[in-house]
There are 2 protein chains.
Amino acid sequence: MSKAKLKVIPLGGLGEIGKNMMVMEYEDDIIVIDAGLMFPGEDMPGIDLIIPDISYLLEKRNNIRGIFITHGHEDHIGALPYILPQLNVPVYATKLTQGLISVRLKERKALASAQLKTLLPGEQVALGKFKVELFSVCHSIPDAVGLIIYTPAGVAVYSGDFKLDYTPVNGRATDFSRLAQFGMQGVLVLLSDSTYAELPGYTPSEKVVGETLDRIMAEAPGRVIVTTFSSLISRVQQVINAAAKYGRRVFIVGRSMTDTSRIAAELGYLNIPEGTLARIEELHDLPPDKVVFITTGSQGEPTSALVRMLSHDNRQLHIMRGDTVVISASPVPGNESLVNKTIDALFKRGAQVLYNTVAPVHVHGHGSQEELKLLLNLVKPKFFVPIHGEYRHLSFHARLAESVGIPKDNTFILEDGDILEITPDSCKVDGKASVGDVYVDGLSVGDIGSVVLHNRRMLARDGIVVLVIAVDKETGKLIGQPDIVSRGFVDTKESKEMLDQSCALVAETLDNGQRPVEWDFVNTKVKDILGKFYYEQTRRRPMILPVMVKV
Amino acid sequence: MSKAKLKVIPLGGLGEIGKNMMVMEYEDDIIVIDAGLMFPGEDMPGIDLIIPDISYLLEKRNNIRGIFITHGHEDHIGALPYILPQLNVPVYATKLTQGLISVRLKERKALASAQLKTLLPGEQVALGKFKVELFSVCHSIPDAVGLIIYTPAGVAVYSGDFKLDYTPVNGRATDFSRLAQFGMQGVLVLLSDSTYAELPGYTPSEKVVGETLDRIMAEAPGRVIVTTFSSLISRVQQVINAAAKYGRRVFIVGRSMTDTSRIAAELGYLNIPEGTLARIEELHDLPPDKVVFITTGSQGEPTSALVRMLSHDNRQLHIMRGDTVVISASPVPGNESLVNKTIDALFKRGAQVLYNTVAPVHVHGHGSQEELKLLLNLVKPKFFVPIHGEYRHLSFHARLAESVGIPKDNTFILEDGDILEITPDSCKVDGKASVGDVYVDGLSVGDIGSVVLHNRRMLARDGIVVLVIAVDKETGKLIGQPDIVSRGFVDTKESKEMLDQSCALVAETLDNGQRPVEWDFVNTKVKDILGKFYYEQTRRRPMILPVMVKV
């Protein structure tokens with residue numbers, strides 16, 4: 001007879017940062033935690049974004065009781081517009097998170113049919129054999145929560161993204177008392193955020209940034225332009241507070257920053273003192289040292305408001321000598337060069353630029369090693385699963401768990417798709433769910449496969465040569481000379497002779513039309529000979545695309 | 001009557017890191033300082049490397065008296081194999097630097113005709129109206145120098161890449177006494193390294209790394225694998241010292257590490273105690289805790305020895321549980337993801353991995369703010385030109401100069417190609433030399449232009465659609481249906497219907513062969529219509545390449 005078994009199945013977020021999605025399954029009941037997207041690396045040209053493969057969920061569609069979202073960041077909510085129409089189940093989250101989800105769903109016309117259920121931290125909801133309770137955590141967005149999940153096998157705690165921060169700007173601090181209570185009663189399994197498990201010590205409080213911003217607003221000789229993520233609402237709050245203190249008026253610039261601030265203010269998560277916000281028409285009446293801009297562009301994104309302020313498109317909003325620009329964010333891995341180019345351009349324009357290398361203008365939202373150990377110590381789980389992070393982060397987190405007394409064999413470093421089966425006294429990986437990356441490119445979701453991506457990478461490296469061969473449809477023999485067109489391979493003028501030679505080589509290989517031309521021969525042998533010729537001549541390997549036209 | 005004028009013309013290395021080249025010109029005499037290469041960014045697909053445009057030098061070929069190379073790093077010597085055959089002038093450098101130059105020249109078959117002249121630090125050489133003296137500087141490679149250049153207009157000091165380090169591992173410390181002497185006598189212009197002008201304080205001594213390596217060799221339970229740049233010879237020395245101290249045998253793995261170490265040892269810059277080096281055949285007789293590997297791969301390069309050790313290609317050399325891997329280098333900007341992936345793979349293989357985020361296993365070779373200020377204070381130049389660095393680094397360095405009393409108007413932040421004219425009492429930018437990036441791709445130098453690169457980027461983003469139209473060469477009318485072949489655009493099976501529709505659309509636009517087909521019409525109008533159709537259907541913009549075959 002099988003004992004009560006809780007299954008934990010990560011469909012995203014392990015072995016990589018982003019695209020978070022966790023499945024918890026008990027007999028015929030499933031709850032899903034988070035549904036995030038990931039942005040593609042440089043090795044995935046043309047891809048807009050990546051979402052988790054939900055085929056495991058689609059097969060068990062009728063068992064899914066709901067999706068819980070821990071907070072409103074893209075790597076936790078971004079896949080909802082794509083998967084919710086397929087699953088059609090209720091979404092549970094706190095007020096601000098629901099507000100941000102609504103915006104995303106609306107953009108993709110998926111809001112009308114969505115069932116969004118707003119919960120308060122501390123509130124419980126029973127779904128099948130699960131009961132789920134939200135607890136407040138402190139993160140770089142307000143209204144973030146972790147989950148306490150009651151199951152017949154025992155209690156599971158899911159940390160969500162969290163840090164400690166005893167002096168948070170707005171929103172509540174992480175609710176350690178509630179967790180401590182559970183730790184005393186016994187927790188079966190803890191799943192906890194590993195993003196910063198590499199870093200010793202504590203993550204500094206958001207307050208540190210507040211102090212820097214205060215000094216900047218007091219001392220900057222001209223305008224202050226603060227750029228950050230639009231979802232970093234507590235950062236926006238600190239900018240507004242410091243601006244108001246020194247009588248500076250605040251201009252919120254750019255669509256995503258405007259949208260997010262508006263929702264946050266409407267829902268009570270952003271407190272803007274009367275008379276602080278200004279409309280763009282008021283700009284030319286204000287002296288520079290009474291002006292603050294808040295905008296996106298901290299990643300050097302070409303379409304961001306900051307980068308557009310660097311071009312002279314807009315006469316009023318361009319960067320000028322005497323401006324102080326604060327890059328209040330870290331570059332997302334892979335964006336370093338773009339951010340550096342933006343900083344260089346700002347310096348060239350005569351702005352003073354403050355960024356994390358030179359001033360404490362950003363702290364991140366995840367706990368460092370001491371915070372992670374504190375959580376492990378409070379919750380005292382029997383089993384431990386490090387989540388959110390690349391492999392090295394999970395490894396470090398596992399080591400931290402061992403250092404605070406969790407037996408090594410009770411910690412499980414999972415990969416996406418691993419099915420972890422937990423009973424009150426056992427835990428093991430048993431089976432694998434189908435997982436993977438679903439690419440969103442333009443209008444389509446999931447049609448871009450590895451072949452298309454491989455081709456794009458190959459095209460990028462050495463370009464393409466199209467070989468056009470016209471054959472007589474009666475005799476099958478070559479008509480005239482083969483035709484060669486190339487793009488991205490060589491300078492077609494300078495290398496005309498070499499390209500002509502390659503044309504002659506093809507004609508010769510095809511016996512100059514003496515015998516019928518076979519497609520298989522062209523597609524393998526001719527392609528091969530041409531490839532070798534080009535490599536010898538140029539040390540490049542363009543994609544060779546033969547086309548045979550029968551006329 | 002025109003006064004004595006020294007011209008300083010950067011042909012590379014300003015506004016970017018790497019590809020250093022500086023020209024000094026006095027009447028009919030020219031000396032060149034450094035001739036480096038740069039590795040391409042992700043936005044330059046298929047390019048192997050980038051060297052400076054030397055058209056300015058080619059025009060004045062007969063005036064060039066020599067090229068001085070400050071040290072043996074790629075960003076200072078790497079362009080020599082490409083430009084030396086064109087200029088055919090003597091190259092002056094210290095012994096180790098010449099050794100490394102010889103290797104590079106030999107690889108490109110440019111050694112036989114080269115005139116390499118070895119100098120000692122302190123030695124002077126007179127060339128036309130210039131007299132040049134080398135002075136020792138401490139950098140992350142031994143035998144590095146800066147230059148003191150006597151000209152009729154005054155003395156110029158060129159720092160080269162340098163840091164302070166009072167406790168260097170091998171090689172000499174930076175020769176501040178000689179510089180102080182000149183500072184007292186009066187220096188017209190200082191050109192100084194700005195690479196780390198962002199960082200406050202002092203750069204730590206190489207000794208810090210030595211202490212970490214010592215502890216690792218003592219405590220590691222199994223084999224130790226240290227990966228670093230092959231040119232970081234002092235690092236290799238420290239690994240050898242620590243290994244020898246604890247009776248570990250050292251295996252040098254990989255071609256570039258083996259070559260560089262061999263030259264350094266031959267020339268007396270690497271001291272390997274008797275019996276320390278081991279041959280690979282000895283590996284299976286040694287217990288793991290008596291084994292050290294030194295190898296490349298610190299940048300996660302797919303062809304490096306470390307990354308090959310991660311695959312199971314080589315049974316003896318693969319990474320195994322219990323290994324300690326030391327990544328003794330920082331990721332070059334842009335390489336972060338590749339390095340992180342390598343670290344993850346090492347953790348997965350059960351290795352312990354030490355890298356700069358978690359342990360002090362690397363220090364860099366450039367001075368931080370306090371060191372730069374010290375040099376400025378000693379040399380006391382009349383004019384100051386920050387060199388080596390992106391725009392923000394140059395800006396910070398200029399600010400440091402101001403803080404130690406060099407008037408703001410006497411500091412010149414140049415761009416590549418700016419011609420700076422200096423007389424004993426004036427300094428100004430007057431004119432611009434032709435500069436730019438010359439791309440090396442495979443066998444060819446300089447044939448890849450912006451069109452080829454633009455095409456590669458476009459191909460990478462959304463792929464290509466080739467439209468083949470056969471027309472009767474007599475009537476000019478369409479024969480049969482147009483043919484469409486795509487790569488990297490959509491999944492050709494799933495999107496067959498859409499591609500067929502686009503074919504029909506083209507046929508329709510061409511009046512289904514009722515009228516003769518004009519090439520101009522195809523190349524503009526048909527291309528345009530097809531582009532719009534694809535964008536509507538997919539929100540992608542593939543390159544559209546029409547080919548017309550006349551038969």
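This is a chat about a predicted model with chain A and chain B.

User: What should I know before reading the numbers?
Analyst: This is a predicted model, where local features need pLDDT of at least 70, side-chain atom pairs count only at pLDDT 80 or more, and totals for chains, interfaces and linings use all residues. Residues are numbered from 1 along each chain as its sequence is written, chains are lettered from A and ligands numbered from 1 in the order in which they are written, and side-chain values use heavy atoms, with hydrogens and water left out.

User: What rotation superposes chain A on chain B?
Analyst: A rotation of 180 degrees, with 0.1 Å of shift along its axis, and the RMSD is 0.1 Å. The two copies are thus related as by a two-fold rotation axis. The fit is by least squares on the C-alpha atoms of residues with pLDDT of at least 70 in both copies.

User: Which residue of chain A comes closest to that axis?
Analyst: A:Ala460, with its C-alpha at 2.3 Å.

User: How many residues does the contact take from each chain?
Analyst: 65 residues from chain A and 65 residues from chain B, where contact means heavy atoms within 4.5 Å. Of the interface residues of chain A, 100% are also interface residues in chain B, so the copies meet through the same surface.

User: And what area is buried there?
Analyst: About 5,300 Å², with carbon and sulfur atoms giving 60% of that. Buried area is the accessible area (1.4 Å probe) that two parts lose on being put together, summed over both.

User: How many salt bridges are there across the interface?
Analyst: The rule finds 5 between chain A and chain B; a salt bridge needs a side-chain nitrogen of Lys or Arg within 4 Å of a carboxyl oxygen of Asp or Glu. One of these pairs A:Asp344 with B:Arg392 at 3.1 Å, N to O.

User: Which element gives the largest share of chain A's side?
Analyst: H10(A), with 8 residues. This helix spans 336-348; helices (H or I, at least four residues) and strands (E, at least two) are DSSP runs, numbered from the N terminus.

User: New topic. How many salt bridges over all chains?
Analyst: The structure holds 61. Among them is A:Asp29 with A:Arg65, at 2.6 Å, N to O. A:Asp29 lies in strand E3 (residues 29-33) and A:Arg65 in strand E5 (residues 64-68) of chain A, so the pair ties together parts 36 residues apart in sequence.
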